[in-house]
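Reader: I am new to this structure and would be grateful for a close look at a single part of it. Please choose a sheet, and describe how its strands are arranged and what packs on it.

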Amino acid sequence: MPLIVCLHKCANYIPVHSFTGALNDVWEFTESYLLTVWQNRVYVYTTAAVLIAVCFTVNMLFKKKKMVDAVSPLLDKSVKNQKHSPEAEKVIHVSGVKVFYGSQTGTGKGFAKELAGDVIAQGIQCEVMDMKEYDPEDRLAEECTSKMICVFLVATYTDGQPTESAEWFCKWLEEASTDFRYGKTYLKGMRYAVFGLGNSVYVGHYNTVSKNIDKWLWMLSAARIMTRGEGDCNVVKSRHGSVQADFQAWKTKFLNRLQALAKGEKKACSGKCKKGSCKNKKKHKEEAEDSHSLEELMESSSDAESSAEEEKSHGSVIDMEDLGNVMNRMKKAKVKTKPCSSTVLTYSLCSFRTHLTIRDFRYKLIGSHSGVKLCRWTKSMLRGRGGCYKHTFYGIESHRCMETTPSLACANKCVFCWRHHTNPVGTEWSWKMDPAEKIIQEAVENHKNMIRQFRGVPGVRPERFEEGLTVKHCALSLVGEPIMYPEINSFLRLLHQQNISSFLVTNAQFPEEIRSLVPVTQLYVSVDASTKDSLKKIDRPLFKDFWQRFLDSLRALGEKQQRTVYRLTLVKAWNVDELKAYADLIALGQPDFIEVKGVTYCGESSASSLTMANVPWHEEVIYFVQQLANLLPDYEIACEHEHSNCLLLAHHKFKVDGEWWTWIDYERFQELIQEYEESGGTKIFSAMDYMAKTPIWAIFGARERGFDPSDTRFQRKNKTKDISGC
């Protein structure tokens, strides 16, 4: 306060003109300085910019030095640790493998598990996933950054559609591949391989699903690590003899490719590289090339010399049940011939024989394409426990009946096939053909050997055992399509020359073969459905013109003079509501007899959706036959075999004086067929010439219900049911 007062007093003594002059001097100096700066502003700005740049550079250099100083101790420590842990330097190129499968029959699932086991054996993590349990919408994109290899093992089902388990996966992938919201790079970074399971006999649908999955993944920028593999269930055209062998060939290449990827190699390596330089670049480039053509990955590796050695070292008989396993080790023999200047491929089973343990009461494979088995009704009648329905309907002695086939191949894949589709399929004869003499000789010999196994078995009747060693009947209904065998007529003639009656069953897909067939004791046609749609659904035929072939076969049957039979298999909820359509088909072929049998449930099979719910009760079969008979004025229910759930409709011409004559006079037939052959086919005979009277117990309505009273009914308890038989 005193200081302020003092200053105030001093100010009062300063003259005003002096104060004003000082202010003017300051203003003039400031104005002159600012004007000079403004006039030289360019130099000022340049200097400022240079100074700022220098300061910034110096500042960055100091910061970098501090970071290096701070990291150096850590690097020294890391280097020391790496000396003690070499694995720390290892870069992971493949973190694992995911195997996705879409399977209907279980083959794809089995392949997936097999592949997973081999991958794990290489020290690589592997996971098997059912496509049904995998949501691609939420999870597939994760595979782009996981360093996993995705493998897709997918089967093609009916009409080129995916299996039920892969349906949603394929639907989503197809939509995503064309959806702009996902974009073309949605799966960029994902690595994959595809192997398809299909059947080349389905022209136009072969391995469609695997081709589509491969294409859709590629459209989303996923990277294919190797060419798509294709397995063919058609053993005739399979590159390696079977779908199992095709998979083995593809799997070997995949595992080699996987090893190369795990080492960081971008292309498949031949294993002959030195110092990181690959000597086989041309081959690798071809293998890595992305192509959507129908090229085949696998090459044939058949070896004629090894095949010959195997043929010498093994016998001519193997188990039919093991046929699927045999296919795993089979290869294709390619024989070049030039009929009409074309190349024909013939396939032989006998050239690639694999030793297997032969079990009792199993199918036996004969030569290249034939088989024989002891029917369960043969065993039953040997013990006096009753015969099959053909014994009841036609007087066959079941213990003297040989069930065989000269052709394992079939043109259908019926849903109720009790062979579970273990036999090959095809639309034409592509086997190496064995002579009819060889087939019959080995079939009879093996049949006798199987009969001999019952010597001393408790319950076997001695007289029937001795009779069983002489074959009297041959049921050509074991498996496949017997009429496909080109020498079927020679085969039948040889049977008749040995006084063996013939019962031939065909699936109504070869009308011309039916027309050219020599007389047989009884000719069957399987009529499993009465409409085109239901036939396609039940029989799953391979021919595109299957319905026309079916109708032509029925017409061809109607032209025959000897005994003819329609064989109807009832599948509840599938074909039991088509009475009028069945009646129309019967009018077309006019068979002598119509067998109506409830479908036999052969246990669970992934190849079929049939269950016990599809098996009609015997009373339901009776009701169906009664309704059908009402639509057929020329037919009537003649016989019944309750045990087989089977009834027989017979034409009225076999009812003589109120009594049924559905049985066969086998001795008379042999006389007639001999006269026919001696006359060169001019002495024709008809079904009426060798009929015999039907016993009372076999007639429909009898209290025995088709069971021969000379035998004893045997009821199994807590035993596995033997569903084999014709």
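Author: A residue is called buried here when its relative accessible area is under 20%. By that cut-off, 48% of the 726 residues in the protein are buried. The model is a predicted one. Its secondary structure comprises 22 helices and 20 strands. Among the contacts in the protein with a separation of 6 or more, 76% join residues that are 24 or more positions apart.

The part chosen for the close look is an open sheet of 10 strands, whose order is 7-8-9-10-11-12-13-14-16-15 and whose pairing is mixed. Strand 7 (364-366) and strand 15 (635-641) form its edges; each has a single partner strand, so one side of each is left without a neighbour in the sheet. From one strand to the next, the twist averages 25°. In general, the strands of a sheet pair through backbone hydrogen bonds, and the pairing is either parallel or antiparallel.

Strand 8 (residues 370-373) contains Val372. This residue is buried, because its relative accessible area is 0%, and the cut-off for that term is under 20%. Val372 also illustrates a contrast between sequence and space: Asn446 is 74 residues away along the chain, yet the C-alpha atoms of the two are separated by 7.6 Å.

Further along the order come strand 13 (residues 563-570) and strand 14 (residues 593-598), which pair in the parallel sense over six bridges. Within this pairing, Arg567 stands opposite Glu595 of strand 14. Helix 21 packs on the sheet and touches strand 13, strand 14, strand 15 and strand 16 (646-651). The direction of helix 21 makes about 15° with that of strand 16.

The sheet ends, on this side, with strand 16 and strand 15. These two pair in the antiparallel sense over six bridges, and Glu636 has Ala650 in strand 16 as its bridge partner. Together strand 15 and strand 16 form a hairpin with four residues between them. In the turn of that hairpin, Asn645 has a positive phi of about 55°. Although strand 15 stands at an edge of the sheet, it is mostly covered, with six of its seven residues buried.

Helix 21 (residues 618-630), which packs on the sheet, also packs with helix 20 (residues 579-589), at an angle of about 60° and with the two axes 10 Å apart. That angle makes helix 20 oblique to helix 21. Their crossing is right-handed. On the side of helix 20, the residues that meet helix 21 are Leu579, Tyr582, Ala583 and Ile586; their counterparts in helix 21 are Phe624, Gln627 and Leu628. Sorted by class, this contact has six nonpolar residues, one polar residue and no charged residues.

A further pairing in the protein may be set beside these. Strand 4 (residues 191-198) pairs with strand 6 in the parallel sense over four bridges, and Leu197 stands opposite Gly231 in strand 6. In strand 6 (residues 229-232), Gly229 and Gly231 point one way while Glu230 and Asp232 point the other way, and all are buried.

Technical notes:
Residues numbered from 1 in each chain as written. Predicted model: local features only at pLDDT ≥ 70, side-chain atom pairs only at ≥ 80, totals over all residues. Heavy atoms only, no water. Axes fitted to C-alpha atoms, helices over the stretch in contact; angles between N-to-C directions. Parallel < 35°, antiparallel > 145°, perpendicular 65-115°, else oblique. Left-handed = near helix turned anticlockwise from the far one by under 90°. Contact = heavy atoms within 4.5 Å. Nonpolar A, V, L, I, M, F, W, Y, C, P; charged D, E, K, R; others polar. Pairing = 2+ DSSP bridges. Buried < 20%, exposed > 50% of the residue type's maximum accessible area, 1.4 Å probe, protein only.
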